[in-house]
Amino acid sequence: MRKTATRLADGREIIYYDEGDSVREEVPDLRDLPPAAPGSELRWDPLRREHVILAAHRQGRTHLPPSDECPLCPSRGDRLTEVPSSTYDVAVFENRFPALSGAEGRCEVVCFSSDHDTSLAELGAGRLRTVVDAWADRTEELSARPEVAQVYVFENRGPEIGVTLHHPHGQIYALPFVTPRTERDLDSARLHRAETGGDLFADILAAESAGPRVVLRNEHWTAFVPEAARWPVEVHVYPHRAVPDLPALDDGERTALAELYGDLLRRMDRLYDTPLPYMSACHQAPVNDPGLRELSRLRFELFSVRRAPGKLKYLAGTESGAGVFSNDVAPETTAQRLREV
Ligand SMILES: [Zn+2]
């Protein structure tokens with residue numbers, strides 16, 4: 001893989017991750033762009049002890065443009081997009097409408113392909129491996145920034161869950177705080193260690209590996225539906241080795257992740273007659289804290305709001321109001337369906 005970093009017209013950074021060996025020609029961004037959007041504001045909720053990001057400027061962002069106006073397609077002829085080059089394999093750039101910027105962190109867009117009409121599931125293990133390498137490289141670089149406490153890699157797929165651009169892409173948030181979800185997980189891991197002396201993530205993996213909810217497994221990774229799944233489709237993907245984040249994965253683990261992850265996404269797409277809307281969350285250790293990193297484990301959690309053909313699960317009073325989830329689908333049933341499709 002070859003990496004080329006350059007700048008867009010308004011100063012934002014763009015990084016190309018190319019699979020071939022040919023030298024990338026420098027293509028300038030010829031657009032006349034206004035300065036990058038203003039920063040957002042972080043507010044503190046004293047009851048939940050959590051941050052809320054106020055990003056009012058994002059109301060004006062591009063929303064479901066027709067495919068001939070897609071800002072993530074390569075630039076061709078007179079049609080100039082966010083990606084100045086006429087071709088790319090994987091491209092990462094700073095979001096033009098970031099939820100976080102400046103001293104508060106950074107938001108990046110990861111384009112998985114220059115082909116507007118494909119998806120991560122369809123791209124094959126070779127491209128997925130490039131995506132994994134790009135995720136790891138961005139995590140390493142963003143982790144070194146003084147304002148960053150955690151790097152969160154994620155993908156939203158499908159208009160059903162509010163995706164504003166159809167082009168296959170994911171996002172990365174470099175956050176100035178540790179997410180509430182990670183704080184909670186690490187509290188649990190700490191408590192588990194105090195009570196049992198064991199590693200919570202290793203113990204979950206061992207218990208699930210022996211049970212009926214495994215979906216897929218290879219030498220380095222296991223994908224399973226968790227015992228107390230909250231969502232109609234929910235799959236967790238754990239590495240067998242205790243690693244804190246993506247940069248810590250070795251060559252074999254990265255290739256095995258690309259293979260298993262693609263297989264899993266294709267199975268999820270085969271569950272219903274239309275591609276599954278899903279969210280994928282990559283949980284990584286907080287940076288710069290050896291104690292927390294030792295307690296953490298890299299893992300992916302994928303989930304969908306689709307509970308039946310044409311039907312979505314909405315977060316209602318119990319879930320949104322009280323944080324109490326109810327799931328109409330047995331996790332064992334979901335695991336079996338995913339194994340069989
Ligand atoms: Zn596109």
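These legends go with close-up views of a predicted model.

**View 1. Four side chains hold the zinc ion.** The protein donors here are Cys70 (SG), Cys73 (SG), His116 (ND1) and His167 (ND1). They sit 2.1 to 2.3 Å from the zinc ion. Read along the chain, the donors follow the spacing C-x2-C-x42-H-x50-H.

**View 2. The donors make a tetrahedral arrangement around the zinc ion.** The angles between the 4 donor atoms run from 101 to 118°, so the arrangement counts as tetrahedral. For comparison, the ideal angle for four tetrahedral donors is 109.5 degrees.

**View 3. Cys70 and His167 bring distant parts of the chain together at the zinc ion.** Cys70 comes from the loop between β4 (50-54) and β5 (90-94). His167 comes from the loop between β7 (150-157) and β8 (169-175). The two residues are 97 residues apart in the chain. Both ends of this link are tucked away: Cys70 is buried, with a relative accessible area of 2%, and His167 is buried too, at 1%.

**View 4. Cys107 has no disulfide partner.** A disulfide is a covalent bond between the sulfur atoms of two cysteines. The closest cysteine sulfur to that of Cys107 belongs to Cys111 and lies 15 Å away, so the two are too far apart for a bond. Cys107 is itself buried, with a relative accessible area of 3%. Across the whole structure, the disulfide count is 0.

Notes: Residues numbered from 1 in each chain as written. Predicted model: local features only at pLDDT ≥ 70, side-chain atom pairs only at ≥ 80, totals over all residues. Heavy atoms only, no water. Donors = N, O, S within 2.8 Å, 3.2 Å for Na, K, Ca; no water. Tetrahedral: all angles 85-135°; square planar, octahedral: opposite > 155°, others 65-115°. Helix = DSSP H or I, 4+ residues; strand = E, 2+ residues; numbered from the N terminus. Buried < 20%, exposed > 50% of the residue type's maximum accessible area, 1.4 Å probe, protein only. Disulfide = S-S within 2.5 Å.
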